[in-house]
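Me: Please take a close look at the salt bridges and at the parts of the chain that they connect. A connected account, with the surroundings of the residues involved, would be appreciated.

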Amino acid sequence: MEIRAEVGAGDPRGDADAILARLDRIPVWTLPRSYLAIIGVGYFFTFFDIADIGYAMPAIATEFALSGSEALFVALALGLVGYVAGSIVIGAIADRVGRYRTLIVTLTLTALGSFLDATATGIVSLSLWRFVTGFGVGADLNLVSTYIGELAPAGKRGRISNLTFLVGILGQALTPFIALALVPNYPWGWRALFVIGGLIATIGVLARFHLPESPRWLALHGRLAEADAVVRRMEQGAAARGIALPPPQPTAVSTERHAFPFRALLRPPYGARLALLAAMWFCWYIGNYGFLGDAATLIAAQGFAVGSSLLFLGVGALGYPLGALLMALVADRIERRILIFASTVVWLVGMLLIGLNSNEAVLILGSFVASLALGLYLQVAYTYTAELFPTRARSSGFALSDGIGHTGGALGALALPGLIGATSFFTGFLGIGLTGLLAGLIALAGPRTSGRRLEEVSS
């Protein structure tokens, strides 16, 4: 097979078209598979961190003598505010300076924040360090989905994203077992939990230096020789695997870019897409963070020991990787909007089972079903979000959608204990089950993306 650079001194727009046409004809992932593992390590920390604060909070509340739901969950809420700020600020920077460099920055921030979490001496310092950690985590969630989506082939984008996510979601599955070994048994156990997270993130930072820049971003910004080098490497990988590539079929690619990427989101059709996705994520995160942040404490308040509540959630958390694996099998076979909705139906069932609180077996089953739903939902929804925006503002569009959505997470983490206190345990979990289902219904109104080129979806 002859591989030609097809980059010359002609029209820059035409050169970008040619490079992306060559990229889009590659049907499989041909870069080293270790790159997916490297991204997965960073994802591992992200989900480890999302879960660890909820498991650590009962011990933190005892040590810092916290009382009242508002004081108890302020660290959770401020961490989520950090998610919003980090996603939006660093998301805009990523559209300007590239995906690669910002992927290094985001994980560095999360590592630093996690180590500082372990040094907290009270609710003020813990809240500050949770904000720093959240700033990096929120941005990293954004960039990983953007980055993988821009490198993966259209017909395998969902599968590849979910396989990477599978590595990451193991962090959420393992966290309760690590927490169970540390938090109830040692006064410093919750601090060790944060140190472990920081060490994982540090490993991820060092590994990310091996990653290439997104060729889509490079082509858009006129760095054609660098984009060509990455695509050429991918073509050579295909040739080494005996894959005969079809002739490239260039289509017009917009090379428009703005000093302020959010400007691109104000034009049709992106404004409507932004509103839809922000509403979807807002509704989803209400229950997501209510469950992850509050469940251990709320179950303990029902008369179970802290260790028992962690055990219920830990056994149930085995559903996370199973959900991600199941979604990897179907992510490119069924339209993503339908998969998102189906995941929220499973979520509702899990919340109803937990809400029944009839016995330990039902609590464990409810936790498993809820975790299964999270594993099913998260990456397919992340992938869908990144697909709906153009390369010039993809990270910014994801940032605003997910960032606005995370305000729902802060609301859920703060409101769920109050709702349960004012009504009942069942009503509280029914409420966050219904908000999740509403997220799935909103997703059904979005455009089709499965199997389509990113430029086709975003045109």
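Reply: Helices (H or I, at least four residues) and strands (E, at least two) are DSSP runs, numbered from the N terminus. The model is predicted, with local features requiring pLDDT of at least 70 and side-chain atom pairs pLDDT 80 or more, while totals for chains, interfaces and linings use all residues. Residues are numbered from 1 along each chain as its sequence is written, and side-chain values use heavy atoms, without hydrogens or water.

The structure holds 21 salt bridges (a side-chain nitrogen of Lys or Arg within 4 Å of a carboxyl oxygen of Asp or Glu). Side chains of opposite charge can pair when their charged atoms come close.

One of these pairs is formed by Glu-63 and Arg-191, whose closest N and O atoms lie 2.9 Å apart. This salt bridge links distant parts of the chain, with Glu-63 in helix H2 (residues 34-63) and Arg-191 in helix H8 (residues 189-208), 128 residues apart. Glu-63 counts as partly exposed because its relative accessibility is 40%; the class lies between buried, under 20% relative accessible area, and exposed, over 50% (1.4 Å probe, protein chains only).

A second pair is made by the side chains of Arg-99 and Glu-150, which meet at 2.7 Å, N to O. Here too distant parts of the chain are linked: Arg-99 belongs to helix H5 (residues 99-117) and Glu-150 to helix H6 (residues 123-151), with their positions 51 residues apart. Both Arg-99 and Glu-150 are buried.

Arg-336 and Glu-387 provide a third example, their side chains meeting in a salt bridge at 2.7 Å, N to O. This pair also connects distant parts of the chain, with Arg-336 in helix H14 (residues 336-356) and Glu-387 in helix H15, 51 residues apart. Arg-336 and Glu-387 are both buried. Beyond such pairs, Arg-22, Arg-25, Asp-228, Arg-232 and Glu-235 are joined into one network by salt bridges that share partners.

The helix that holds Glu-387 deserves a further remark. Helix H15, which spans residues 360-387, also contains Gln-379. The relative accessibility of Gln-379 is 2%, and Gln-379 is therefore classed as buried.

Elsewhere in the chain, Arg-157 is found in helix H7. Arg-157 counts as buried because its relative accessibility is 2%. The C-alpha atom of Arg-157 lies 9.9 Å from that of Leu-454, although 297 residues separate the two along the chain.

Helix H12 (residues 306-316) contains Val-315. With a relative accessible area of 30%, Val-315 is classed as partly exposed.

The surroundings include a loop as well. Arg-241 has its place between helix H10 (224-240) and helix H11 (270-301), in the loop that joins them. Its relative accessible area is 42%, so Arg-241 is partly exposed. Pro-269 is found in the loop between H10 and H11. The peptide bond that joins Pro-268 and Pro-269 is cis, with omega at about 0°.

To return to the request, the salt bridge of Glu-63 and Arg-191 connects H2 with H8, that of Arg-99 and Glu-150 connects H5 with H6, and that of Arg-336 and Glu-387 connects H14 with H15.
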